[in-house]
Amino acid sequence: MPRFQQQVFANATEVGSATADSIVATALSSVKHQGRFSIALSGGSTPKAAYSLMAAEPLLGRMPWNQTRLFFGDERLYPHDHPDSNCNMATSAMISKVPIPSENVFPIMTDHEDPEKCAEWYEDILKTQFKRRTDDFPVFDLVLLGIGPDGHTASLFPGTPAPKEVKKWVTWCDPNSVNPAIKPPVKRVTITPPLIWNAAQVFVLATGAEKKPMLEKIFCENEPENAPVSRLLRQCKGEVTFFLDKAALG
Ligand code: 6PG
């Protein structure tokens, strides 16, 4: 099983800075070797600091925006101007402030009441962009993920069918069907495990004491089965690097 890389920092600010630096370094390497960089952005709050740093010098000028394609790993079924929309978070923190061609940004459509339709639509977008045969999963150069205290990543919530979807590229999830406490209480669209497994690199961001119990399970080598997200990430073909602060490691 691939061991997880860990980068541990004093606080969330340093995690954000290291994450931003590493995303830009990965982008430059991808462009150097293959002429372009495709990334699946994470939602939630943790990545916001890194996105903001990428929208400011010196990283703003270093990032190869013209050769970059920004996708989303998951999205809440809100309008894109809703405060809890992942697209809204990434747009206000970064996308609206950087010179990326608009045709290189691929938000997940949320304006259909049927989440299945939104998932199918995004799968079609990915199939067009990655020009793959239908049975050949795409390879993102980088997938950014967060971790929920319940052990979800992207919007693959334990106990729902989403983490078990290994044929589709994109699926949907209703986390409140298994856990009414999940916030925000809304259905989601998410990339499926095979797209995470196929990524050349995966960065997992986790800060704060509330993530400590789940991280202990993830890093507990002899009980990986305890943490669904650990099972998922241990199947990654690419390198998995955790960007953590000391509070999350305890
Ligand atoms: C989402 C995210 C989700 C997030 C985790 C951690 O849409 O909510 O994609 O997987 O990364 O819930 O969220 P925080 O970064 O806010 O702790």
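Modeller: A polar contact is a pair of N or O atoms within 3.5 Å. The model discussed here is predicted, so local features need pLDDT of at least 70 and side-chain atom pairs pLDDT 80 or more, while totals for chains, interfaces and linings use all residues. Residues are numbered from 1 along each chain as its sequence is written, and side-chain values use heavy atoms, without hydrogens and water.

Biologist: Which polar side-chain atom lies 2.7 Å from an oxygen atom of the ligand?

Modeller: Serine 42 also places a polar side-chain atom by a ligand oxygen, but at 3.5 Å. The distance of 2.7 Å belongs to a polar side-chain atom of histidine 152.

Biologist: How far from an oxygen atom of the ligand is the backbone N or O atom of alanine 154, and how much of the ligand's accessible area does the protein cover?

Modeller: For alanine 154 the contact runs from a backbone N or O atom to a ligand oxygen, at 2.6 Å. On its own the ligand has 410 Å² of accessible area (Shrake-Rupley method, 1.4 Å probe), and the share of this covered by the protein is 88%.

Biologist: Which residues come nearest to the ligand, and how does its shell divide by class?

Modeller: There are 15 residues around the ligand (a heavy atom within 4 Å), and those that come nearest are Ser45, Thr46, His152, Ala154 and Lys211. By class (Gly counts as polar), the shell holds two nonpolar, nine polar and four charged residues.

Biologist: In which pocket does the ligand sit, and what is the volume of the largest pocket?

Modeller: A pocket is an open set of points on a 1 Å grid where a 1.4 Å probe fits, with protein on both sides within 12 Å along at least five of seven lines, and lining residues have an atom within 4 Å of a point. The ligand sits in the largest pocket (more than half of its atoms within 2 Å of grid points). The space filled by probe spheres set on the points gives this pocket a volume of about 490 Å³.

Biologist: Which strand gives the most to the lining of the largest pocket?

Modeller: This pocket is lined by 30 residues, and His152 is among those nearest its centre. Strands (DSSP runs of at least two residues) E4 (74–76) and E6 (142–146) each supply at least two lining residues. The greatest contribution, three residues, comes from E6.

Biologist: Which element gives the most to the lining of the second largest pocket?

Modeller: The second largest pocket is lined by 15 residues, with Pro163, Lys164, Pro228, Arg231 and Leu232 nearest its centre. Two helices (runs of at least four residues), H6 (193–198) and H8 (228–233), give two or more residues to that lining. With four residues, the element that gives the most is H8.

Methods. Polar contact = N/O pair within 3.5 Å; in protein donor to acceptor, adjacent residues only side chain to side chain.
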